[in-house]
Each structure stands twice: as C-alpha cells, then as structure tokens.
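These are my notebook entries on charged side chains and their pairing. I set down what I looked up, in order.

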Amino acid sequence: MISFDLQYFQPNTIEDAINIYEQFISENKKPIYASGGTEIISRARRNEVQPDAIIDLKNIPGFHKCEHKAGKLQIGSAVTLNHAATHSNFPLLKTVIQSIATQTARNKITIGGNLASSLPYREAVLPLLLTDSTIVLATPKGAITKNIHDVFPFNEHLKELELMMEVHLDSKLIKHPHFWIKKTKQSQINYPIVSVAAMHIDNEIRIATSGLTANPLRMKQLEKDILQAVEIEDCLDQIESYLPSPIIDDMIAQSDYRLFLFKQIIKDIAINWKGAS
Amino acid sequence: MNHLPQTIQVQINGQVKTLMVRQAELFLDTLRNAGLTGAKPGCKNGDCGSCTILVDHIPIQACQLFSMEVMDKNIMTIEGLIDQTVQKAFEEKWALQCGYCTPGYILNAYALLQHHPNADEETMKQWLDSNICRCTGYQEIIDAVTLLIDRNEYHEHHS
C-alpha cells in the first residue's frame with residue numbers, strides 16, 4: 001500500500017492538467033504527471049517519492065495516438081509499450097519494447113513514462129534517438145516541438161511546466177536495417193548490463209546504448225569513428241572518452257565488464273555493417 | 001480539492017460495484033478488502049504477476065493500479081472466470097503446486113488464449129514470462145497452455 005495520502009486527478013484536457021500542476025506548485029506542493037504510473041506506484045510504496053497529487057494524463061485525447069500521418073510516425077505519451085510495439089510498424093521499436101519488463105507490465109507502462117523514468121535504462125528511447133525524433137511538448141504557452149537530442153534526458157532538460165505530449169519521427173526511417181542486443185546478468189527479464197540499438201541508414205551506422213552510463217546515449221562521435229577507421233580496434237580505445245559521465249559500476253556489473261561488453265558489441269556491429277557502408 | 005475517500009463505480013465480474021477508496025489506494029488492496037482475495041499479493045512491485053487481473057480484457061497487475069484508475073472499467077478477477085477450461089487444463093497437467101501463483105497464471109493464460117488462440121511458442125513464452133512460480137512448476141504450466149492451444153479450445157471465441 002501507499003502509506004501517505006495524495007490527490008488523484010484525471011483531467012480531460014492538457015490545459016486542465018497544466019492548471020492543476022500550476023496550482024499545486026503555487027501552494028508549495030508536489031504534483032507529478034503520470035500516464036502508466038507503474039514507477040510512481042513502486043517508488044511511492046517505498047516512500048522514495050511522496051507527491052501531493054497524481055495528474056493522470058490517460059484521459060486526454062491525443063495522448064493515445066499511434067499512427068503514421070503526413071510522413072511521420074506519431075506516438076502519444078500515454079500509449080502503452082505493447083500498443084506502440086503492435087501499432088507503430090517500427091521493427092526496431094517493437095524488438096526493443098519486447099525486451100522491457102514483462103508482457104503484462106507493458107500493458108501499463110507507457111512510452112512517456114519510460115522516457116521520463118528516473119531509472120538509468122529507459123530503453124524505449126533508443127530507437128527514438130537513432131531516428132532523430134522530435135518531441136512535442138505541452139507548455140503553459142501552448143505546444144512546442146524540439147529535437148529529442150535537445151530535450152533528452154528529460155530530468156536534465158525539461159522545464160518544470162513542460163510535458164511530453166507526443167514523439168514524431170520520419171516514417172521513411174523505420175524500415176532500415178537494425179540491430180538490437182540486451183545483455184543481462186541472469187534472466188532475460190531484467191535491467192541491462194548494457195543494451196545496444198543500431199540502425200544502418202543510408203551511409204551511416206547509428207548507435208545508441210543504455211546501461212552504460214546514467215542516461216541512454218546516442219554515440220555520434222563513435223559512429224563517425226567507425227566509418228573512418230581502418231582498424232576497428234582504433235576507435236574502440238576512444239569509447240570511454242566519448243562518454244559524458246562515468247560508466248555505471250554496481251552490483252549488477254562492474255564498469256570494466258560493461259565497457260568490455262559494449263566494445264565487443266560495437267566490434268560485431270562494425271564487422272557486420274562496415275562493408276555495406 | 002480534498003483528501004477524502006472517493007466513490008468509484010466499477011464493473012467487477014459482471015456486477016457494477018460502488019466502492020469507497022482512498023485516492024492513494026491500490027486496486028489490489030481494494031479488491032481484497034472487498035473480499036475478492038483471488039488476486040494475491042506477492043512482490044507488490046509489478047514483478048511476479050500473482051495479482052494479475054483483467055482490465056477491459058487486458059492482463060494488468062492489480063498492485064500497479066490506483067483504484068481511481070479503474071473507474072468505469074470492466075474488471076475480471078479469478079472469482080469471475082466462470083469458464084473452467086483453463087482450470088481443468090492446469091489440473092490435468094498438474095500445473096500447480098502450492099497454488100499461490102495459480103490465479104494470476106490462469107487469468108494471464110485465459111487472456112493469452114482470448115487474444116491469440118493459436119499462440120506460437122514465442123508468443124506463449126512472452127506472455128507467461130510475466131508470472132513467477134516459486135515452486136518452479138513452469139514446464140507443467142507451459143504444458144497446460146499448450147494443451148489448450150493444441151485442442152483449439154479458444155479458437156471459436158476469437159474467430
């Protein structure tokens with residue numbers, strides 16, 4: 001059970017959601033947006049978060065869209081992972097999603113919730129980073145669109161009243177060759193030691209990873225190095241210097257082992273795709 | 001705005017119920033307080049599947065639901081699964097030992113067969129991996145669901 005009291009809201013419009021959020025802030029209280037709410041429930045049960053209000057976004061029209069329109073794949077933030085996997089027609093996104101949590105849990109976890117998670121992994125973002133997606137944000141002044149690389153990770157870049165409504169990406173990109181691997185300590189259903197998603201788009205090899213550092217990363221400099229390298233080993237030595245924060249070192253895996261695995265995976269990707277590029 | 005308990009209306013096992021809940025209350029607790037103890041508290045963290053229920057025919061862990069979220073939803077718990085086909089297959093294949101995980105498994109298997117009456121091995125694995133059996137009777141559970149698929153038990157419901 002959750003031991004403290006809170007207020008629960010299910011607004012029908014984004015304006016109402018923002019108004020409720022602003023009202024709680026003005027009273028020096030802590031509101032929190034939710035769509036799936038699984039992480040909030042787990043953390044609230046352990047008293048790691050104690051929001052005064054839950055603002056559930058599920059009832060807002062548009063937050064459930066998952067469709068190809070005007071050349072873009074558009075996914076609302078309250079779309080469940082299973083719905084996105086089934087209806088996005090994006091093979092890499094489907095594969096990545098099917099490795100997150102369990103089938104039943106994915107009926108509740110949403111795209112928006114996964115991207116806004118406080119956990120380091122957030123693997124659903126990897127295909128979105130690889131396709132240079134755009135994020136539609138709700139703000140008190142209306143909707144704005146930003147490149148995902150400018151707003152992710154949300155906890156570092158989003159302003160207090162900004163809220164993810166949708167993610168858009170070029171429909172033409174989704175069918176390009178892809179690669180996905182998730183290394184876990186024991187069972188397949190677990191947080192990753194390291195996960196790597198890659199796409200071969202035109203002459204580029206695009207790489208994104210989760211589990212290596214505090215946030216999922218797109219490895220743009222490594223992508224350039226791989227294309228230019230005569231010997232793949234040369235660019236593997238540089239990987240650590242491209243990371244914005246230390247490699248995670250915890251009870252799941254030591255940092256040296258995470259780096260070792262990551263290098264092996266990058267080597268495999270380069271060997272498989274370099275010839276084609 | 002207030003912190004008072006709220007009244008929610010929800011259809012549980014075919015009956016419309018009006019329940020008084022705390023706004024922070026989780027639906028697993030609401031169900032059990034209402035006498036529907038078939039949904040079992042296990043990890044209470046969304047990991048074990050022992051509290052699985054069906055919300056609008058979709059398996060959801062009741063420990064991962066605010067009671068306020070199920071307003072006007074159609075809920076099925078193990079007490080409401082009148083169809084005995086899955087239970088009989090579990091019995092036939094000895095797919096239960098202590099029985100604690102069994103309601104969650106049966107509802108998940110029932111939903112799997114409703115959505116995928118001819119589920120292939122990969123789909124079955126994906127779905128059943130959502131539940132944990134600490135008696136480790138996994139193979140017998142797979143055998144029970146495979147039996148139902150092989151017998152085409154749920155094909156007519158789907159087609």
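I began with the term itself: a salt bridge is a side-chain nitrogen of Lys or Arg within 4 Å of a carboxyl oxygen of Asp or Glu. I note that the model is predicted.

Entry on chain B. I looked up B:Lys125 and found that it forms a salt bridge with B:Asp129, with the closest N and O atoms 3.1 Å apart. This pair counts because the distance lies within 4 Å. I then checked accessibility: B:Lys125 is partly exposed at 40% relative accessibility, and B:Asp129 is partly exposed with a relative accessible area of 32%.

Entry on a network. I next traced salt bridges that share partners, and they join A:Asp132, A:Glu204, A:Arg206, A:Arg218 and A:Glu223 into one network. Within chain A, I looked up the salt bridge between the side chains of A:Arg206 and A:Glu204, which I record at 3.1 Å, N to O. Is A:Arg206 buried or exposed? I find A:Arg206 buried, because its relative accessibility is 8% and buried means under 20%. Its partner A:Glu204, at 34% relative accessibility, counts as partly exposed.

Entry on a further pair. I looked up A:Asp250 and A:Arg258, whose side chains meet in a salt bridge at 2.6 Å, N to O. A:Arg258 counts as buried, at 0% relative accessibility. A:Asp250 is partly exposed, with a relative accessible area of 29%.

Entry on the total. How many salt bridges does a search of the whole structure find? I record 19 over all chains.

Terms used. Residues numbered from 1 in each chain as written. Chains lettered and ligands numbered in written order. Predicted model: local features only at pLDDT ≥ 70, side-chain atom pairs only at ≥ 80, totals over all residues. Heavy atoms only, no water. Buried < 20%, exposed > 50% of the residue type's maximum accessible area, 1.4 Å probe, protein only.
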